[in-house]
Amino acid sequence: MHEMSLCEGVMQVLKDQAHEQGYSRVEAVWLEIGELANVEIESMRFCFDVVTQGTLAEQAKLEIIEVPGQAWCMQCGKTVALKQRFDACPECSSYQLQVTGGEQMMIKELEVN
Amino acid sequence: MCTVCGCSEGETRIDEQEHTHGHHHDHVHPHDHAHTHDQLHDYGQGPAHAHAPGMSQSRMVQIEQDILSKNNGYAASNRHWFAEHGILALNLVSSPGSGKTTLLGRTIDDLKAEMRLSVIEGDQQTAHDAERIRATGVSALQINTGKGCHLDAHMIGHALDSLQPEQNSVLFIENVGNLVCPAAFDLGEAHKVAILSVTEGEDKPLKYPDMFHAADLMLLNKIDLLPHLQFDVDQCIDYARRVNPRIKVLQVSATSGEGMTNWYQWLKTTQQLLLIGD
Ligand SMILES: Nc1nc2c(ncn2[C@@H]2O[C@H](COP(=O)(O)OP(=O)(O)O)[C@@H](O)[C@H]2O)c(=O)[nH]1
Ligand SMILES: [Mg+2]
Ligand SMILES: [Zn+2]
Ligand SMILES: [Zn+2]
């Protein structure tokens, strides 16, 4: 995943919301990142610092909530934990898995003033 | 910075023109449903609540927006526009050199008599690919992304303004050669088509699972080279199905023409399904 583009996406939302929500500074940002979203968390932090320089979110704190991957197995009908997309079902070894969680890349909450 | 829609276009160039604004399409700016309530979403023990605003004047704002919501908003408006005009838009994704432009050239030569076709070409630099496509007689537009490594839905919106694809046509969008970022950037297409050539190794679907997960069709290209390579086709298809149990796979050679009729059949069937859907 391209963390720089993602951070630019975050920055766009922060700017758009500033008007609507009436804030001029962002102190902290909470992101929810799924385990299957293929986001490199360290790289995300680095890019976030770069992208926010000279903006209303300069020096804002970045908090990342990681959400575990989850899938439904079409073979055995169980809901199982999934580390990577191509892993087999830990219960029955089938690859017929439907991902049900851990794909998101969400901005959840901001601390602003 | 684009003053009309607030986009920071950076180095994007559409057909060697600096990005200028004659917006004809409506930039449907995604409506942001942010809210400042506390009651609706209970984070339980989530970190958001563990953190109390430090300074007296600071406050918490709940956003609940996808990081790519801006792109997704543009993609939705493109998708709406495609639906209104009966256009089948396909987003072709692959590594550089897998044969996208060659495949498109042959497809156009073989189908232009019976279908209306146009092409948007994405590359970091040069207008070579759009020129190759125009040589086949259909209209093509080049987008150069500069340092950008993928097309996004906003660039496509602008390209549609200039290209003006015909009613009930098929629009091929050749994305920048990159198996990572284009997976996340919805352009408003009906389907992503991943092209993988047999010179790349059969484990590509495992190495770049997001892309093969996002694609509905995989074209396994350059099968004319199979006699010269050690490439296990069945293994490759098996890997692709691991990351995407629904993916369809067609084996083709854009240079010899082998297997191309299956791809044409897929195109025609997909277009018919779209048209009767209206
Ligand atoms: N042998 C063989 N070569 C191919 C085939 N398709 C494309 N190529 C060659 O692969 C190279 C890259 O093709 P191109 O269409 O530019 O790839 P793109 O970067 O994906 O657009 C060119 O030299 C093509 O001639 C094929 O089916 N078989
Ligand atoms: Mg090309
Ligand atoms: Zn199972
Ligand atoms: Zn613009």
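This is a short tutorial dialogue on reading metal sites, an interface and salt bridges in a predicted model.

Trainee: Let's start with the zinc ion (ligand 3). Which protein atoms are its donors?

Mentor: Keep in mind that we're looking at a predicted model. The zinc ion (ligand 3) has four sulfur donors, the SG atoms of Cys73(A), Cys76(A), Cys89(A) and Cys92(A), lying 2.3 Å from it. Read along the sequence, those donor residues are spaced C-x2-C-x12-C-x2-C.

Trainee: What does that spacing tie together in chain A?

Mentor: Take Cys73(A) and Cys92(A): Cys73(A) sits in strand 3 (residues 70-73), while Cys92(A) belongs to the loop between strand 4 (79-81) and strand 5 (97-101), so this pair ties together parts that are 19 residues apart in sequence.

Trainee: And how do I judge the geometry of the site?

Mentor: Start from the ideal: four tetrahedral donors would give angles of 109.5 degrees. In this model the angles among the four donor atoms of the zinc ion (ligand 3) run from 103 to 115°, and the site is tetrahedral.

Trainee: Is Cys73(A) buried or exposed? What about Cys92(A)?

Mentor: Buried means under 20% relative accessible area. Cys73(A) is at 0%, so it counts as buried. Cys92(A) has 32%, which makes it partly exposed.

Trainee: Over to the magnesium ion (ligand 2). Which residues coordinate it?

Mentor: Three residues of chain B do: Thr101(B) through OG1, Asp129(B) through OD and Glu174(B) through OE, at 2.1 Å. Water is not among the atoms, so sites may look incomplete. Along the chain, the donors follow the spacing T-x27-D-x44-E.

Trainee: Where do Thr101(B) and Glu174(B) lie?

Mentor: Thr101(B) is in helix 3 (residues 100-111) of chain B and Glu174(B) is in strand 7 (residues 170-174), so here the pair ties together parts that are 73 residues apart in sequence. Both are buried: Thr101(B) has 7% relative accessibility, and Glu174(B) has 3%.

Trainee: Now the interface. How should I think about its size?

Mentor: People often quote the accessible area that is lost when the parts come together. Here chain B and chain A bury about 3,600 Å² between them, with 57% of it on carbon and sulfur atoms. Arg59(B), Ile67(B) and Arg242(B) supply 19% of the area that chain B buries against chain A, more than any other three residues. In terms of contacts, 38 residues of chain B meet 40 residues of chain A.

Trainee: How many polar links run between the two chains?

Mentor: There are 15 residue pairs in polar contact between chain B and chain A. The rule also finds three salt bridges across this interface. One of them joins Glu64(B) to Lys108(A), with the closest N and O atoms 3.2 Å apart.

Trainee: Which elements of chain B make up the side that touches chain A?

Mentor: Helix 1 (47-50), strand 3 (59-66), helix 2 (69-84), helix 7 (209-214) and helix 8 (233-243) of chain B each supply at least two residues. Strand 3 of chain B gives the largest share, eight residues.

Trainee: Which salt bridge does Lys108(A) form within chain A?

Mentor: Its partner there is Glu32(A), with the closest N and O atoms 3.6 Å apart. That pair links distant parts of the chain, since Lys108(A) is in strand 6 (residues 105-112) and Glu32(A) in strand 1 (residues 26-34), 76 residues apart. Lys108(A) is buried at 10% relative accessibility, and Glu32(A) is buried too, at 15%.

Trainee: Can we look at salt bridges inside chain B as well?

Mentor: Sure. Glu114(B) pairs with Lys268(B), the closest N and O atoms being 3.2 Å apart. Glu114(B) lies in the loop between helix 3 and strand 5 (117-123) and Lys268(B) in helix 9 (residues 260-277) of chain B, so they tie together parts that are 154 residues apart in sequence. Glu114(B) is exposed at 51%, whereas Lys268(B) is partly exposed at 23%. Then there's Asp203(B) with Lys207(B), whose closest N and O atoms are 3.4 Å apart.

Trainee: Which residues do shared salt-bridge partners join into one network?

Mentor: Glu32(A), Lys108(A) and Glu64(B). Across all chains, the structure holds 20 salt bridges.

How values were computed: Residues are numbered from 1 along each chain as its sequence is written. Chains are lettered from A and ligands numbered from 1 in the order in which they are written. This is a predicted model: local features need pLDDT of at least 70, side-chain atom pairs count only at pLDDT 80 or more; totals for chains, interfaces and linings use all residues. Side-chain values use heavy atoms; hydrogens and water are left out. Donors are N, O and S atoms within 2.8 Å of the metal (3.2 Å for Na, K and Ca); water is not among the atoms, so sites may look incomplete. Four donors count as tetrahedral if all angles lie between 85 and 135 degrees; four count as square planar and six as octahedral if opposite donors are over 155 degrees apart and all others between 65 and 115; anything else is irregular. Helices (H or I, at least four residues) and strands (E, at least two) are DSSP runs, numbered from the N terminus. Buried means under 20% relative accessible area, exposed over 50%, partly exposed in between (1.4 Å probe, protein chains only). Contact means heavy atoms within 4.5 Å. Buried area is the accessible area (1.4 Å probe) that two parts lose on being put together, summed over both. A salt bridge is a side-chain nitrogen of Lys or Arg within 4 Å of a carboxyl oxygen of Asp or Glu. A polar contact is a pair of N or O atoms within 3.5 Å; within protein, one must be able to donate a hydrogen and the other to accept it, and residues adjacent in sequence count only if both atoms are side-chain atoms.
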